[in-house]
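Student: I should like to learn how pockets and a bound ligand are read from a structural model. May we work through an example together?

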Amino acid sequence: MGTMIVLEGIDGSGKSTQFSLLCDRLAREGAEFMRVSFPAYGEPSSALVRMYLDGQFGSAPDAVNPYAASTFFAVDRFASYKRLWGDFYDRGGTVVTDRYTTSNAIHQGAKLPHGRRAGFFGWLSEFEFNLMGLPAPDLVLYMDIPAELAAERRRGRESATGAVPDIHERDLSYLEECRECGLDAAEYYGWRKVRCCDGGQPRGADDIHTEIWSECGKLILRGGAAV
Ligand code: ADP
């Protein structure tokens with residue numbers, strides 16, 4: 001059994017930015033690891049995910065209940081585990097991921113009222129980790145950011161890249177629920193919260209990276225030697 005580190009956060013929180021910084025740093029330190037992103041948009045295993053995000057089951061996130069939608073993302077993870085990184089992980093390797101089961105907790109749990117989320121979180125762990133047999137993460141770094149700031153950054157990224165927003169990305173009130181649900185999930189699962197604002201001021205990417213690195217470094221680089 002290996003080590004798994006997950007970067008999680010709502011869309012626009014800076015996950016991808018921090019994922020790149022973390023992977024670059026691990027490579028510089030000489031750590032042996034695999035980097036994996038979810039969903040695997042280019043693979044057939046993500047077909048149902050793409051249909052869902054494209055609005056083919058309904059144009060609002062609520063059109064698919066959180067349990068059904070979670071299974072779409074879970075089978076994509078299962079395929080990735082089996083084909084790409086499961087052997088490496090099972091032999092003791094370190095896997096660093098951009099999103100994981102944790103994204104179901106945030107984006108699907110957000111469809112439920114606060115009082116029904118704990119039941120959903122319990123089901124999700126049982127389903128993906130115990131029944132499907134996917135590994136549970138050793139460390140989840142949750143990028144906590146106000147929804148308005150995340151939405152602003154996402155709009156900036158969309159206008160720079162020309163990317164078309166999916167059914168999750170189009171809906172600001174859903175993003176706000178995701179932010180709230182992320183905090184519920186962090187509490188429930190014991191995720192390590194990384195604050196993206198300090199006293200109301202956004203933190204720079206390098207400052208956030210320093211915090212993330214200190215958490216990951218402890219886990220991966222034991223006694224100064226890359227393992
Ligand atoms: P995510 O993967 O969570 O959707 P990204 O890493 O793509 O988020 O970041 C969204 C946008 O915000 C990008 O344009 C990125 O360059 C910018 N960004 C990320 N982190 C910061 C930061 N700490 N300060 C300012 N802008 C940031």
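**Reading the pockets and the ligand site**

Tutor: We may begin with the second largest pocket, whose lining comprises eight nonpolar, four polar and two charged residues. Please bear in mind throughout that this is a predicted model.

Student: What volume does the second largest pocket have, and which residues are closest to its centre?

Tutor: The second largest pocket holds about 170 Å³ of space. It is lined by 14 residues, and those closest to its centre are T102, P137, V140, Y189 and W191.

Student: Which elements contribute to the lining of the second largest pocket?

Tutor: A lining can be described by the helices and strands that supply it. Here α4, α5 (114–131) and β4 (139–144) each give at least two residues.

Student: How should I describe the largest pocket in the same terms?

Tutor: One again takes volume, lining and composition in turn. The volume of the largest pocket is about 680 Å³. Its lining consists of 34 residues, with D11, K15, S16, R99 and R157 nearest the centre. Two or more lining residues come from each of α1 (15–28), α2 (47–53), α3 (66–90), α4 (101–109), α6 (147–161) and α8 (205–220). By class, 13 of the lining residues are polar, 12 are charged and nine are nonpolar.

Student: Where does the ligand sit?

Tutor: A ligand is located by comparing its atoms with the space of a pocket. In this model, the ligand sits in the largest pocket.

Student: Which residues come nearest to the ligand, and what classes make up its shell?

Tutor: The shell is the set of residues with a heavy atom within 4 Å of the ligand. There are 14 such residues, and G12, K15, S16, T17 and R157 come nearest. By class, six residues of the shell are polar, five are charged and three are nonpolar.

Student: Which element gives the most to the shell around the ligand?

Tutor: That element is α1, with three residues. At least two residues of the shell are supplied by each of α1, α6 and α8.

Student: Which polar contacts may be named for the ligand?

Tutor: For each contact, one notes the atoms on both sides and their distance. In the side chain of R157, an N or O atom is 2.7 Å from an oxygen atom of the ligand. S13 places a backbone N or O atom 3.2 Å from a ligand oxygen atom. At R203, a backbone N or O atom lies 2.9 Å from a nitrogen atom of the ligand.

Student: How much of the ligand's accessible area does the protein cover?

Tutor: Coverage is judged against the ligand on its own. Its accessible area is then 560 Å², of which the protein covers 74%.

Methods: Residues are numbered from 1 along each chain as its sequence is written. This is a predicted model: local features need pLDDT of at least 70, side-chain atom pairs count only at pLDDT 80 or more; totals for chains, interfaces and linings use all residues. Side-chain values use heavy atoms; hydrogens and water are left out. On a 1 Å grid over the protein atoms alone, a cavity is a set of points where a 1.4 Å probe fits but cannot get out, and a pocket is an open set with protein on both sides within 12 Å along at least five of seven lines; lining residues have an atom within 4 Å of a point. Grid points are joined across faces, edges and corners, and a volume is the space filled by probe spheres set on the points. Helices (H or I, at least four residues) and strands (E, at least two) are DSSP runs, numbered from the N terminus. Ala, Val, Leu, Ile, Met, Phe, Trp, Tyr, Cys and Pro count as nonpolar, Asp, Glu, Lys and Arg as charged, and the others, Gly among them, as polar. A polar contact is a pair of N or O atoms within 3.5 Å; within protein, one must be able to donate a hydrogen and the other to accept it, and residues adjacent in sequence count only if both atoms are side-chain atoms. Accessible areas come from the Shrake-Rupley method with a 1.4 Å probe; for residues, only the protein chains shown count as cover. A molecule sits in a cavity or pocket if more than half of its atoms lie within 2 Å of its grid points.
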